[in-house]
Amino acid sequence: MDPPPNPNVGSSSSRRPDAGSSSSPRPEVGSSSSSTRPEVGSSSSSSLSLARFSLSVRMGTTQSITPVFGCRIDPTARVPKKDGEAPPEHEFSFKWYREYISPSIPRDKIKCSVHPDEVATFQCNDCVKLKLPFKGSYHCSPTCYSEAWGKHRMCHRCAKAVGETSSDNQQAEEEMYSWLDFEDDPLNEIPKLERDGKQWVEVCSSRCYVPTVNDLNCRLMLESKAVDCSTGLDLCLSDIIMTVPVLYPPHQKPRSMLECRRKLGDSDLKAHTCSGVKFSVLSYNVLGNLYTDPYRYSYCPEWARSWEYRQQNLLNEIIEYDADILCLQEVQSNHLEYFFEPELAKCGYSVIYKKRRGSFFVRDGSCMDGCATFYRRDVFKEIVKYEHAFDSSVMRVIEALQPLEPQQRNRACIRLQKDNVALVVILEKLESEGTCDGIQPRICVANTHISANPQFPDVKLFQVVDLITGLDKIAKMKIPLLVCGDFNSLPLSEPHKFITAGRVDNLPNDTDPFGICQHLKLHHSLPLKSAYASFYNSDGIEEEQRRKFNSESREPLFTHFTPSFTGTLDYLFYTEDSLTLDGVLELLDRDNLGVGIPSLFWSSDHIALIARFILNSTSPQQQGSQVIPADLWP
């Protein structure tokens, strides 16, 4: 029987013009800590010619990389100038090798994606060929696989629809592959390379590589070359990098959805009769790699802190939650383009994105983080979106500060001009049998990341008031609202009270030195409630879950957990007159998290929040009769 299909399919060379060339689609930047060594194969170039330039390869985002099963390794290569002379146009070629160790497949380590305490015995072959995350492809029995087949089939169709694989890799959807039935080591017949007294097996000839089950406990070796495009000869000595053995990532206990138990009144009963209009929303600050300070997160092992590991672990977690709408914060623009968007597209999601202004220089060029909202394209369609930078509203407030001296107004302006953003989208549910009265309901989803500086509470309140003021125009159209994100505000703080109570008093002078809040509309009439506070107030909540909440604020004890700060900063707010809370994702127990997150199990310093809602059938649906505003913040 053949071994599991290798997902690392690619050409033997990667065309990469020099970083200074204008024709380069994605310039390679960065450095390599490994020294150049004589190449594994032979070269027809002379030693003098090869020494003219040098090849620099960096394996990942950190100085060293520990390969982890299922986590893509994305090396970068460049040929820098030599004494001011730019190298000729060139392309890179890559070869990946696995250290040969027999037996090489520790099958008892692979766990079922549905029942993590069980050893996996089946792997979905389509998931492998379509390059879907490995974690979701393993099952402990045919029954387990069959029960998960509906989700598999949807992912397969979405992945094929986005064209991630060529037609010769397509397979019948009913095919299933049992890799545990191997009787012999499938690597015995593969030619091996001798190097430094060890045997190596070639496993891949593309730039990126995803360690497979065959690589567990084995070291990997990457051979990189730069080839002169005009002569076809090696431009310089090849670069060899060897890794430590491939690890198998630990399994965290899955978080479960908790049902919101309510005494059903008439309005609730009517809502439940419209069973087709039920959906779930996730809010998650994924911790942008720009902010993973090794000193701040020193308690987390370097390999678990690396973006190569975290991106895959975050993706696995998000896919497992299976929410209809995803509101993510701190999503870097380069990570959205090269990872989150294509990977979640395979699972049926479309995306809209708002980036903060400014940029940081990284190995892929320049980037900045922002808010990304994904939605299932087989459930919703986008009607209109609004992108908002809070600093664009600053001048309206500054103009009201005329009594202040010009210097004071300038200081107030600088204080308010933070580059935080909000992303708002109106979604319409696609027609389905569950839709009541033939009406296609709409919902408005706001995704935001509020200023983090605790020294500027007036700035936080200004941004929250600005957001709600814009959303009030949508609420007047009787469209249900969801306001999600990282508000960087504690429960019962002024921003939190403003949203949930509809009113807040002016801030003390020592926290509002320029009197900014005196010129804000510090009241609203939107019936916004916190999803988790509503769950706490519901009937029948078990004591195990109740102890994870603050009894005074009714909010979670924490959504952010590090040694330097533990508290609740993230929320899911909703209009309670048009949406009925149906359930929430269980909270994590602090006692089981060690000193803080990120960790081996959880790859952000925030935790994900999810709420499931039912659209009230009694809520007025007047969207079709009103003109949607062109802008929420003129």
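**Exercise 1. Determine which residue of strand E13 stands opposite Ser 283, and place this pair within the pairing of its strands.**

Solution. Step 1: in this predicted model, the residue of E13 that stands opposite Ser 283 is Cys 327. Step 2: strand E13 comprises residues 325-332 and is joined to E12 by five bridges. The two strands run parallel. Step 3: E12 also pairs with strand E27 (residues 609-615), through six bridges, and here the strands run antiparallel. Within that pairing, Leu 282 has Ile 610 of E27 as its bridge partner. Both kinds of pairing rest on one principle: strands of a sheet pair through backbone hydrogen bonds, either parallel or antiparallel.

**Exercise 2. State how many residues of strand E12 are buried.**

Solution. Step 1: strand E12 spans residues 278-285, which makes eight residues. Step 2: a residue is taken as buried when its relative accessible area is under 20%. Step 3: seven of the eight residues of E12 are buried, and the strand is thus mostly covered.

**Exercise 3. Give the order of the strands in the open sheet that contains E12, and identify its edge strands.**

Solution. Step 1: the sheet has seven strands, in the order E11-E26-E27-E12-E13-E17-E14, and its pairing is mixed. Step 2: the edge strands, each pairing on one side only, are E11 (257-259) and E14 (349-355). Step 3: from one strand to the next, the twist averages 25°. Step 4: at the E11 edge, three bridges connect this strand with E26 (residues 579-585), in antiparallel fashion. Glu 259 has Gly 583 of E26 as its bridge partner.

**Exercise 4. Describe which strands are touched by helices H7 and H8.**

Solution. Step 1: H7 packs on the sheet and touches E12, E13, E26 and E27; the angle between its direction and that of E12 is about 160°. Step 2: helix H8 (residues 333-345) also packs on the sheet, where it touches E13, E14 and E17 (369-376). The direction of H8 makes about 155° with that of E13.

**Exercise 5. Identify the two residues that touch the most other members of the largest nonpolar core.**

Solution. Step 1: the core holds 68 residues, and the two in question are Ile 325 and Leu 482. Step 2: helix H7 (residues 307-321) contributes the most to this core, with six residues. Step 3: beyond its neighbours within four places in sequence, Leu 482 contacts several residues, including Phe 279, Val 281, Ile 443, Phe 573 and Phe 613. Step 4: another core, of 46 residues, lies apart from this one; among its members are Val 397, Phe 487, Leu 507 and Leu 526.

Definitions and conventions. Residues are numbered from 1 along each chain as its sequence is written. This is a predicted model: local features need pLDDT of at least 70, side-chain atom pairs count only at pLDDT 80 or more; totals for chains, interfaces and linings use all residues. Side-chain values use heavy atoms; hydrogens and water are left out. A nonpolar core is a set of buried Ala, Val, Leu, Ile, Met, Phe, Trp, Tyr and Cys residues joined through side-chain atoms within 4.5 Å. Buried means under 20% relative accessible area, exposed over 50%, partly exposed in between (1.4 Å probe, protein chains only). Helices (H or I, at least four residues) and strands (E, at least two) are DSSP runs, numbered from the N terminus. Contact means heavy atoms within 4.5 Å. Two strands pair if DSSP finds at least two bridges between them. Axes are lines fitted to C-alpha atoms, for helices over the stretch in contact, and angles run from 0 to 180 degrees between N-to-C directions.
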